[in-house]
Each structure stands twice: as C-alpha cells, then as structure tokens.
Amino acid sequence: MSSVRWEVDGHDWPNREHSRFVRAGMLDWHVQVAGPDGRAAPVLLLIHGTGAATHSWRDVLPLLAQHFTVIAPDMPGHGFTRGRIAGGQSLPGMARVLAELLGKLGLGAPDVIVGHSAGAAIGVRLAIDLSIDAPIIGLNPALLPFPGLAARLFPAMARALFVNPFTAMIFAQIASSETEVARFLKKSTGSRIDARGVELYHRLFRTSDHCAGAIGMMANWDLESLAKELPSVAARSLLVHGARDSAIPLDSIERAGRMMPHAEVVTLADLGHLAHEEDPEQIAALIGEFAARTPAVAA
C-alpha cells in the first residue's frame with residue numbers, strides 16, 4: 001500500500017501555512033484552520049466529498065477566511081489524515097469523529113456548515129446528531145440514495161471492491177497517469193478543472209491508501225437512513241447545483257430540498273460537480289451571503 005507523505009507530497013500543498021496535525025480519538029488529522037487576523041469570527045466548517053481532500057478548497061478557503069474562522073479537515077481515509085474509524089467509514093461514524101476533532105480544536109460548534117457532495121451528508125448528519133442549528137450549505141450535495149436498483153447495487157459493489165485487498169492498488173495504478181486522472185475528473189464531474197487541480201488530484205489518486213479511503217467511504221454509505229431524517233433538519237439550508245454536474249442530478253437535489261423544511265435550491269449555470277473549484281469567487285460569495293442572513297453569524 002502507498003500513501004501521500006506530508007514531507008514530500010505536502011511541500012507545496014495549498015494553504016499549507018494554515019495546516020496542523022491534531023490527534024483526536026484514534027485519528028491523526030490533517031486540518032487547516034484560518035481566519036481574520038487579530039479578531040474573533042464565526043466558525044465555518046468545510047467538509048470535502050469522497051475522493052477529495054483539503055486541496056479542494058484551495059481557492060475558496062482564503063476568501064472565506066477574510067470573514068470566518070474556517071476549519072477544513074482531510075476526512076478519514078483521505079489526504080494526510082491517518083487512522084481508522086471503529087466500525088468503518090459509515091455516515092454516523094464520520095460525523096462522530098468529526099465532532100471529536102471539533103472538540104479537540106476547542107472552537108465550539110460551527111456557526112456555518114458547508115459540505116460538498118458526500119461531505120454535505122456528513123454535515124447534515126453532524127447537525128442532526130449534535131442538534132446544531134447552524135445554516136447548512138450543500139454544494140452539489142449527495143443527500144439521497146441512487147434511484148431504483150442502483151440504490152442497492154452501488155453500495156454492494158463498493159463493499160465487494162473494498163474487501164479485495166488489491167482493488168485500491170489497481171485503482172492507484174490506473175491513476176498513475178495524470179492524463180487519465182484529468183479524463184476521469186472531466187467525465188465523472190462535468191467540471192473543467194485547471195492544471196493545478198488535476199495535478200493535486202493525481203497526487204492523491206496515485207496512492208492506494210487514498211483510493212482505499214474513497215472506496216471504503218462509499219462501501220459504508222447509507223443515505224436511505226439519512227433521507228428519513230431530512231424532514232427533521234431545523235436549520236436553514238442552501239442546496240447548490242451546478243448545471244453541468246454529471247454526478248448528482250438536479251432532481252435528486254430538488255427532492256432533498258422539498259424534504260428539508262427550510263431549504264432553498266439554487267442552480268448555477270455552466271458549472272459542474274466541482275463548482276467550488278471552477279468558480280471559487282462565486283461560491284464564496286454565495287456562502288457568505290447565505291450565512292449573513294443568520295443573525296448569530298451576521299452579528
């Protein structure tokens with residue numbers, strides 16, 4: 001098995017100056033914390049999706065850090081975070097260990113939760129489990145199961161791949177070509193990622209540990225249970241869809257929005273699943289404007 005190494009692969013990691021390594025529970029987290037110099041600010045949590053890491057927020061984080069204390073971790077099994085979760089990378093398990101990290105950082109419950117794709121599901125789970133009434137922004141959120149037969153087949157296939165010890169190494173070998181990674185990103189997300197972004201994804205995908213983390217997360221996912229609890233989400237929510245997203249259909253996001261009592265759905269033209277990497281200024285502005293409508297945040 002291979003993994004990214006901070007002393008080698010992290011030497012020019014985006015926003016490296018804000019990186020720290022924190023031991024919480026059974027995990028050694030890589031987390032980035034940034035905010036306005038010299039003054040307290042509302043805490044904003046960024047949760048990346050499956051197969052990504054803190055690099056996904058490389059251009060969004062500095063913009064948000066002008067107004068918020070931003071926390072952006074590499075989720076378990078991803079990037080430079082090390083260790084395993086008891087019981088696997090289930091949705092409740094990921095939310096639980098994330099809560100442990102937040103407690104260790106001592107910054108309190110987040111005032112704003114932002115999650116991309118599967119990260120949005122983790123954010124919603126966290127808000128439900130901790131009774132957090134913070135506004136939630138889901139960027140191309142994966143909140144509902146795949147339709148029809150795929151709802152059962154996809155997790156089963158991921159579990160089958162996960163138990164094969166060679167699967168992650170095979171995926172990493174395929175991703176050893178940066179050209180293949182660029183082709184995969186374009187086809188699977190509908191996004192146009194710049195060369196820097198492709199190189200960073202390539203840096204991660206060519207390691208079997210990161211591939212195993214992504215497969216393990218999919219193998220343990222249970223969105224059916226989360227869907228049943230969406231009507232209990234008390235927080236104001238903004239669900240953002242990129243019109244070119246080839247991963248999460250608009251219909252899925254609209255259905256999730258109808259299930260959540262205080263949700264709004266916004267569609268952005270000419271952006272894909274990785275909209276926050278394609279147009280960080282627009283996404284940061286959306287987040288800031290939505291969060292500012294919450295009195296506790298605006299104050």
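# Reading loops, helices and burial in a predicted model

Q: Where is the place of D270?
A: D270 sits in the loop between β8 (263-268) and α12 (275-278). Keep in mind that the model is predicted.

Q: What is the phi of D270?
A: The general idea is that most residues other than glycine have a negative phi. D270 is not a glycine, yet its phi is positive, near 65 degrees.

Q: Which other residue has a positive phi although it is not a glycine, and where is its place?
A: N15 is one of them, with a phi of about 60 degrees. Its place is in the loop between α1 (6-9) and β1. S131, just after α4, also takes a positive phi, of about 55 degrees.

Q: Why does N15 count as buried?
A: The cut-off for buried is a relative accessible area under 20%, and exposed means over 50%. N15 counts as buried because its relative accessibility is 12%. D270 has a relative accessible area of 47%, so D270 is partly exposed.

Q: How is burial read for a residue in a strand, such as S19 in β1?
A: The same cut-off of 20% is used. S19 lies in strand β1 (residues 19-24). Its relative accessible area is 19%, so S19 is buried.

Q: What does S19 touch, not counting residues up to four places away in sequence?
A: With those places left out, S19 touches W6, H30, V31 and Q32. With H30 there is also a polar contact between the two side chains, at 2.8 Å.

Q: Which residue is 108 residues from I248 in sequence, and how many Å apart are they in space?
A: That residue is N140; the two C-alpha atoms are 6.5 Å apart. I248 is found in the loop between β7 (237-242) and α11 (250-259). Its relative accessible area is 11%, so I248 is buried. Beyond four places in sequence, I248 touches N140, P141, A142, H241, I253 and H273.

Q: How is the span of helix α4 checked?
A: The expected span takes 1.5 Å times one less than the number of residues. For the twelve residues of α4 (residues 118-129) this gives 16 Å; the end C-alpha atoms are 17 Å apart, so the two agree. Helix α9 (residues 208-219) also has twelve residues, and reaches 16 Å, close to the 16 Å expected.

Q: How many of the twelve residues of α4 are buried?
A: As a general idea, an α-helix has 3.6 residues a turn, so residues three or four places apart point the same way. In α4, eleven of the twelve residues are buried, and the helix is mostly covered. Among the buried residues are A118, I122, R125 and I128.

Q: What do the buried residues of α4 pack against?
A: The buried residues of α4 pack against three strands and three helices: β3 (43-47), β5 (112-116), β6 (136-139), α3 (91-105), α9 and α10 (223-229).

Q: How many of the twelve residues of α9 are buried?
A: Ten of the twelve are buried, so to read α9 is to read a mostly covered helix. The buried residues include S208, H210, C211, I215 and M217.

Q: How many helices and strands are in the chain, and what share of its residues count as buried?
A: The chain has 14 helices and eight strands. Of its 299 residues, 55% count as buried. Among contacts with a separation of 6 or more, 77% join residues 24 or more positions apart. The accessible surface is about 12700 Å², and 58% of this belongs to carbon and sulfur atoms.

Definitions and conventions: Residues are numbered from 1 along each chain as its sequence is written. This is a predicted model: local features need pLDDT of at least 70, side-chain atom pairs count only at pLDDT 80 or more; totals for chains, interfaces and linings use all residues. Side-chain values use heavy atoms; hydrogens and water are left out. Helices (H or I, at least four residues) and strands (E, at least two) are DSSP runs, numbered from the N terminus. Buried means under 20% relative accessible area, exposed over 50%, partly exposed in between (1.4 Å probe, protein chains only). A polar contact is a pair of N or O atoms within 3.5 Å; within protein, one must be able to donate a hydrogen and the other to accept it, and residues adjacent in sequence count only if both atoms are side-chain atoms. Contact means heavy atoms within 4.5 Å. Accessible areas come from the Shrake-Rupley method with a 1.4 Å probe; for residues, only the protein chains shown count as cover.
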